[in-house]
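Work through the exercises below with the sequence and the coordinates open. Each task is followed by a solution in steps.

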Amino acid sequence: MGHDCPVCGKKNESASNQVVHLRTHTGEKPFECTVCNKKFSQRSQLKPHLRIHTGEKLFECMVCSKRFSEGGDLRKHLRTHLGDKPFQCTICNKKFIQGGHLRAHLRTHTGDKPLECAVCNKKFIQSGDLRKHLRTHTGDKPFECTVCNKKFSQGGSLRTHLRTHTGDKPFECTVCNKKFSQGGSLRTHLRTHTGDKPFECTVCIKKFTRSDSLRVHLRIHTGDKRFECAVCSKRFRQNSHLKKHLRTHTQGHDLNIQSANRR
């Protein structure tokens, strides 16, 4: 004989199931982790949680042998091999392996940014973006190049850097087939074909294809001449202008180029 829940009317097969079900209404969580004090409504939820602390990983992927502490994590992982993406966005139809990924994606449509930096109060859509941002405050650089030991705060920056060692240039211009190691360099290059100049001087409205070209141009208006001649102290807005000027002094001899580097 079933037991009807007095709150929602759900039928439970036994009295014990009824007790467990009622906790979804009362919020009661009688099972507490003795390590981190996290609480659970069911004993069956506490047992896999404890493996986080013990490091025990009972569930192994039959494809790549990666191990997991919980069966649910293994099931999610298997979708990466099967290509299964059961969670679909109802707005743009993009599909995801995990429900959490879909929930985070939905914020790109709603504009919701629930994650806030405790240092500068900047807000983010995804927890991963917040973690990356926090490194700008902590200075943490967990990604290290195995070739030259240079460290980076983001994995993407390390992957880009590694191309300086491998010579890999995966980004190819569809117009002239020139290749680039970074996507940003390709986007900048494409403007030479499209004529697009998105960087505009707020003083004289002159436009540029590159942000650094705009920065150099702005020195005309600010009077900034950061490159100084080591011989006569004459100053220049651009390093190339200083190099050209140095030829009037060197007559074939090298001189050190000094820069005031006033930023």
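**Exercise 1.** In the loop between which strands is Asn121 found? Classify its exposure as well, and check its phi.

Solution. The model is a predicted one.
- Step 1: Asn121 sits in the loop that runs between E9 and E10.
- Step 2: Partly exposed covers the range between 20% and 50% relative accessible area. Asn121 has 48% relative accessibility, so it counts as partly exposed.
- Step 3: The phi of Asn121 is positive, near 70°, in a residue other than glycine.

**Exercise 2.** Locate Ser65, then give its phi and its exposure class.

Solution.
- Step 1: Ser65 lies in the loop between E5 and strand E6 (67-68).
- Step 2: Although Ser65 is not a glycine, its phi is positive, about 70°.
- Step 3: The relative accessible area of Ser65 is 43%, and therefore this residue is partly exposed.

**Exercise 3.** Test the length of helix H2 (residues 43-54) against the rise per residue, then describe its buried side chains and what follows the helix.

Solution.
- Step 1: The expected span is 1.5 Å times one less than the number of residues. For the 12 residues of H2 this gives 16 Å.
- Step 2: The end C-alpha atoms of H2 are 17 Å apart, which agrees with the expected value.
- Step 3: Leu46, Pro48, His49 and Arg51 are the buried residues of H2.
- Step 4: The cover over these buried residues includes strand E3 (31-32), strand E4 (39-40) and strand E5 (59-60).
- Step 5: Gly55 follows H2 and has a positive phi, near 80°.

**Exercise 4.** Carry out the corresponding check for helix H5 (residues 127-138).

Solution.
- Step 1: At 1.5 Å a residue, the 12 residues of H5 should span 16 Å.
- Step 2: The end C-alpha atoms of H5 are 16 Å apart, in agreement with the expected span.
- Step 3: Leu130, His133 and Arg135 are buried in H5.
- Step 4: Strand E9 (115-116), strand E10 (123-124) and strand E11 (143-144) are what the buried residues of H5 pack against.
- Step 5: Gly139 comes just after H5, with a positive phi of about 80°.

**Exercise 5.** Is Ser41 buried or exposed? List its contacts too.

Solution.
- Step 1: Ser41 is in the loop between E4 and H2.
- Step 2: The cut-off for buried is under 20% relative accessible area. Ser41 has 18%, so it is buried.
- Step 3: The side chains of Ser41 and Gln45 are joined by a polar contact of 3.3 Å.
- Step 4: Leaving out residues up to four places away in sequence, Ser41 touches Arg23, Glu28, Lys29, Pro30 and Phe31.

**Exercise 6.** Which residues does Cys232 touch, not counting residues up to four places away in sequence?

Solution.
- Step 1: Cys232 occupies the loop between strand E17 (227-228) and strand E18 (235-236).
- Step 2: With a relative accessible area of 37%, Cys232 is partly exposed.
- Step 3: With the sequence neighbours excluded as stated, Cys232 touches His245 and His249.
- Step 4: Leu246 is 14 residues from Cys232 in sequence, and their C-alpha atoms are 9.6 Å apart.

**Exercise 7.** How many Å separate the centres of domain 1 and domain 3?

Solution.
- Step 1: The chain is divided into domain 1 (3-54), domain 2 (85-140) and domain 3 (199-249).
- Step 2: Taken over C-alpha atoms, the centres of domain 1 and domain 3 are separated by 69 Å.

Conventions
Residues numbered from 1 in each chain as written. Heavy atoms only, no water. Helix = DSSP H or I, 4+ residues; strand = E, 2+ residues; numbered from the N terminus. Buried < 20%, exposed > 50% of the residue type's maximum accessible area, 1.4 Å probe, protein only. Contact = heavy atoms within 4.5 Å. Domains from an automatic or database assignment. Polar contact = N/O pair within 3.5 Å; in protein donor to acceptor, adjacent residues only side chain to side chain.
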